[in-house]
Amino acid sequence: MALQLWETAKESIAVYTGLSPGTFFTGLALGLAGYYLLSSLFGSSDRQYERTTRASAEEMQPLPPPVQLGEITEEELRAYDGNDAAKPLLMAIKGQIYDVSQSRMFYGPGGPYALFAGKDASRALAKMSFEDKDLTGDISGLGPFELDALQDWEYKFMSKYVKVGTIKNTVPVTDGPSHGKPVEATESHADKPTENDASEDAAAGTTESASGAYVDKE
């Protein structure tokens, strides 16, 4: 019975396709293999797209409002470099701290400017440098073009991000050299006659004496 069905199938294949049974089944196998291959490729792409869409949706969730930190040290600022997802992503320019959480793709971990996060990167931004030695707020010795570039960065941050604090200046501020004597002492000395005043008074006395002698003589 099975042999008769097989013989009938071979005759039908030859009649309807013009192919030998071996060629027909080989082509059929190749077609099925190609179908499964394409299905697996497009299926994985769809799953990847779903994962990407889900991740994007999570990233697009509303960010919490910026929290004002006031004045903090550079050491405290390093805790806001993006490695702790529960904390905002912060960065400072010229001692002013900004919340850059909305640009986590640039300043967060893995971003092109991630090394600037959690630091005052004024010098690095002015020089467009990615060297560790330039990751500082010290801008002394910069040229006019570098200072202009830094000013452009500052304007960009001021217009795009919220300022949340300032960096505490740990360098003590010293006044100019003291000249020793208080103001009161200076004023008291002003009341004393100077050497010129004494000379003028002596000259005036001599003139008066001379005038009196002349009158008495007459």
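These are my notebook entries on a predicted model of a protein chain.

**Entry 1: overall layout**

I began with the secondary structure and counted 8 helices and 4 strands in the protein. Read along the sequence, the elements follow the order α-α-β-α-β-β-α-α-α-β-α-α. I then looked up burial and found that 21% of the 218 residues are buried. For contacts between residues at least 6 apart in sequence, I noted that 55% join residues at least 24 apart.

**Entry 2: the hairpin of strands 2 and 3**

I turned next to strand 2 (90-93) and strand 3 (96-99). The two strands run antiparallel and are joined by 4 bridges. They form a hairpin with 2 residues between them. I looked up the partner of Ile93 and found that its bridge goes to Gln96 in strand 3.

Which way do the residues of strand 2 point? Leu90 and Ala92 point one way and Met91 and Ile93 the other, and I recorded all of them as buried.

In the turn, I checked the backbone of Lys94 and read a phi near 55 degrees, a positive value in a residue other than glycine. I noted this for the following reason: most residues other than glycine have a negative phi. Lys94 has a relative accessible area of 36%, so I entered it as partly exposed.

**Entry 3: another positive phi**

I found a positive phi also at Met128, about 50 degrees, although this residue is not a glycine. Met128 lies in the loop between helix 5 (122-127) and helix 6 (144-160). Its relative accessible area is 44%, so I classed Met128 as partly exposed.

**Entry 4: the nonpolar cores**

I looked up the largest nonpolar core, which has 18 residues. Those with the most contacts inside it are Met91, Val100, Tyr107, Phe116, Ala121, Leu125 and Phe157. Strand 2, helix 5 and helix 6 are the elements that give two or more residues to this core. I also recorded a second, separate core of 8 residues, which includes Ile72, Ala92, Ile97 and Ile167. Met91 is thus listed in the largest core, Ala92 in the second, and these two residues point opposite ways from strand 2.

As background I noted that nonpolar side chains tend to be buried together in soluble globular proteins.

**Entry 5: helix 6**

I compared the length of helix 6 with expectation. At 1.5 Å a residue, its 17 residues should span 24 Å, and the end C-alpha atoms are 24 Å apart, so the two values agree.

Which residues of helix 6 are buried? I listed Leu150, Trp153, Glu154 and Phe157. These residues cover an arc of only 100 degrees around the axis and therefore lie on the same side of helix 6. The spacing fits a general rule: an α-helix has 3.6 residues a turn, so residues three or four places apart point the same way. On the other side of helix 6, I found Pro144, Phe145, Asp152 and Ser159 exposed.

I then asked what the buried residues of helix 6 pack against. The elements are strand 2, strand 3, helix 4 (104-107) and helix 5.

**Entry 6: Phe157 and the aromatic pairs**

I examined Phe157 separately. Its relative accessibility is 0%, so Phe157 counts as buried. Leaving aside residues up to four places away in sequence, Phe157 touches Met91, Ile93, Tyr98, Val100 and Tyr107.

Across the structure I recorded 9 aromatic pairs. For Tyr98 and Phe157, the ring centres are 5.7 Å apart and the planes stand at 70 degrees; the pair is edge-to-face because this angle is over 60 degrees. The pair links distant parts of the chain, with Tyr98 in strand 3 and Phe157 in helix 6, 59 residues apart. Tyr98 has 3% relative accessibility and therefore counts as buried.

I followed the ring pairs further and found a cluster linking Tyr98, Tyr107, Tyr113, Phe116, Phe130, Trp153, Phe157 and Tyr161.

**Entry 7: Ser103**

My last look-up was Ser103, in the loop between strand 3 and helix 4. Is this loop residue buried or exposed? Its relative accessibility is 4%, so Ser103 counts as buried. Not counting residues up to four places away in sequence, I listed contacts of Ser103 with Gly108, Lys160 and Tyr161. Tyr161 is also one of the members of the aromatic cluster.

Terms used: Residues numbered from 1 in each chain as written. Predicted model: local features only at pLDDT ≥ 70, side-chain atom pairs only at ≥ 80, totals over all residues. Heavy atoms only, no water. Buried < 20%, exposed > 50% of the residue type's maximum accessible area, 1.4 Å probe, protein only. Pairing = 2+ DSSP bridges. Core = buried A, V, L, I, M, F, W, Y, C linked by side-chain atoms within 4.5 Å. Contact = heavy atoms within 4.5 Å. Expected span 1.5 Å × (residues − 1). Arc of directions from axis to C-beta. Phe/Tyr/Trp six-rings, centres within 6.5 Å; stacked < 30°, edge-to-face > 60°.
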